Amino acid sequence: MENRPNDGKRAAARGAIDRENKMRIAATLIFAGVVSLSAPGAAWSQTPPAPKAAAAPQVAPAAAPTAVAPAPAPAPAPAPAKAACANPNALGIARTVEIDTTGGPGFGFEHFKQLDFLRDHEVVLTFDDGPWPVNTPSVLKTLADECTTGIFFPIGKHATYEPELLKKVLEAGHTIGSHTWSHETLTNKKLTEDQRKDEIEKGFSAVKWALGGVSPSPFFRFPALQHPPEMVTYLGTRNIAIFSCDLDSFDFKARNAQQVIDVTMKKLDKLGKGIILMHDFHKHTAEALPELLHRLKAGGYKVVKMIAKAPVQTLPQYDEELLKEAKLPTVSDRPVSSVVQTISE
């Protein structure tokens, strides 16, 4: 990875997420198949990073209101023009489904059993914890090469580190939701209810900020797939869909790319379909994805694209907080090739 000024802080963020993922393995063994998880998760903290000059710095959490006042629905973002697929053997997109998120529907049989909408040999590709340098661009290239798509659940802080990278995810036509502000496990008993709400709301506002004011989809995934019942209820009042998964690639503990492929395909061949949980944050996932998509194609699997009927309605106080605290860059960190170009000699 390119040496960047805040690599030390990024390494701290990576270490915090890896520690949380170890906890998640134990939680999955205990709670798999439960509709709503209420047991507390192990607490962890993410070292506050020094944001890049153009990124929004950390801001103190603001208390979320006990009653959400209705707001006019924001206009949906214009869909990027769909480029013709240059790969005649591409995996492609079999169908697109539109989700009405009223009441906060849940998806993914690991926790939610009601909405069984996938047909045999259909999959939904999902990616958590980005955007992240090198790995996310690699995932985007692979998806583009196969003319297919996924749902990205970025961490709010990471979105503020790499706003231009998250914009590329949107420009490529992928669906974008949210994965909290700092990847805090919301079953942590040390958190107040308002702090849990802050994690949710600040995450969505950070993604919106990174996308230049474009509201993401009202799709949310809990860190470690741990669902505090009161936050499940809260998301319902906010008309935000909750995503678990049907199968977890466990890419965060894989030793290499081949292990990601083997684990995913073994589970998928057993289930026959499903929402697949991966991470564009991890190197092995990016390395595994080309072969994994080839295996999906060879196995007769088809990708389903999920889009929302309407974008999320972020709360004004969180939007304003991020805008107020954002600072203009003082020194550009763009590469020379993107700043200076020879146009004649």
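This is a walk through a predicted model, from its nonpolar cores to its rings, helices and unusual backbone sites.

Start with the packing. The largest nonpolar core has 36 residues. Leu125 and Leu296 have the most contacts inside it. Seven elements each supply at least two of its residues: β3 (122–128), α2 (135–145), α4 (163–171), α5, α7 (257–271), β9 (274–279) and α8 (283–298). Helix α8 gives the largest share, six residues. Another core lies apart from this one, with 15 residues. Phe112, Phe222, Tyr234 and Val312 are among them.

Leu125 shows what a hub of the largest core touches. Beyond its neighbours within four places in sequence, Leu125 is in contact with Leu143, Thr148, Thr149, Gly150, Ile151, Ile276, Met278, Leu293, Leu296 and Val303. That list includes Leu296, the other residue named for the most contacts inside the core.

Now take Ile275, in strand β9. Is Ile275 buried or exposed? Its relative accessibility is 1%, so Ile275 counts as buried. Leaving out residues up to four places away in sequence, Ile275 touches Phe107, Gly108, Leu118, Val124, Thr126, Arg221, Ser244, Cys245, Asp246 and Leu247. Val304 is 29 residues from Ile275 along the chain, yet their C-alpha atoms are separated by 9.4 Å.

The rings come next. The whole structure holds nine aromatic pairs. One of them joins Phe204 and Phe220, with centres 6.2 Å apart and planes at 40 degrees. That geometry is tilted. The pair links distant parts of the chain, 16 residues apart: Phe204 sits in helix α5 (residues 193–210) and Phe220 in strand β6 (residues 219–220). Phe204 is buried at a relative accessible area of 1%. Phe220 is buried too, at 0%. Elsewhere, Phe107, Phe117, Phe153, Phe219 and Phe243 form one aromatic cluster.

Helix α5 deserves a closer look. How many of its 18 residues are buried? The count is 15, so α5 is mostly covered by the under-20% criterion. The helix also has the length expected of it: at 1.5 Å a residue its 18 residues should span 26 Å, and its end C-alpha atoms are 26 Å apart. Just after α5, Gly212 takes a positive phi of about 70 degrees.

Helix α5 also helps to cover the buried residues of α9. In α9 (residues 316–325), those buried residues are Tyr318, Asp319, Glu321 and Leu322. They lie on the same side of α9, because they cover an arc of only 160 degrees around the axis. An α-helix has 3.6 residues a turn, so residues three or four places apart point the same way. The face of α9 turned away from the buried side carries the exposed residues Glu320, Leu323 and Lys324.

Last, the backbone. Most residues other than glycine have a negative phi, and most peptide bonds are trans. Three sites depart from this pattern. A cis peptide bond joins Gly130 and Pro131, with omega about -10 degrees. Pro131 lies in the loop between β3 and α2. His183 is not a glycine, but its phi is positive, near 70 degrees. His183 is in the loop between β5 (175–176) and α5, and is buried at 2% relative accessible area. Phe250, also not a glycine, has a positive phi of about 50 degrees. Its loop runs between β8 (247–248) and α7. Phe250 is buried, with a relative accessible area of 15%. Lys253 lies over the face of the Phe250 ring, 4.9 Å from the ring centre.

Methods:
Residues are numbered from 1 along each chain as its sequence is written. This is a predicted model: local features need pLDDT of at least 70, side-chain atom pairs count only at pLDDT 80 or more; totals for chains, interfaces and linings use all residues. Side-chain values use heavy atoms; hydrogens and water are left out. Rings of Phe, Tyr and Trp (its six-membered ring) pair if their centres lie within 6.5 Å; planes under 30 degrees apart count as stacked, over 60 as edge-to-face and the rest as tilted. Helices (H or I, at least four residues) and strands (E, at least two) are DSSP runs, numbered from the N terminus. Buried means under 20% relative accessible area, exposed over 50%, partly exposed in between (1.4 Å probe, protein chains only). A charge sits over a ring if NZ of Lys or CZ of Arg is within 6 Å of the ring centre and within 35 degrees of the ring normal. A nonpolar core is a set of buried Ala, Val, Leu, Ile, Met, Phe, Trp, Tyr and Cys residues joined through side-chain atoms within 4.5 Å. Contact means heavy atoms within 4.5 Å. The expected span of a helix is 1.5 Å times one less than its number of residues. The arc is that of the directions from the helix axis to the C-beta atoms.
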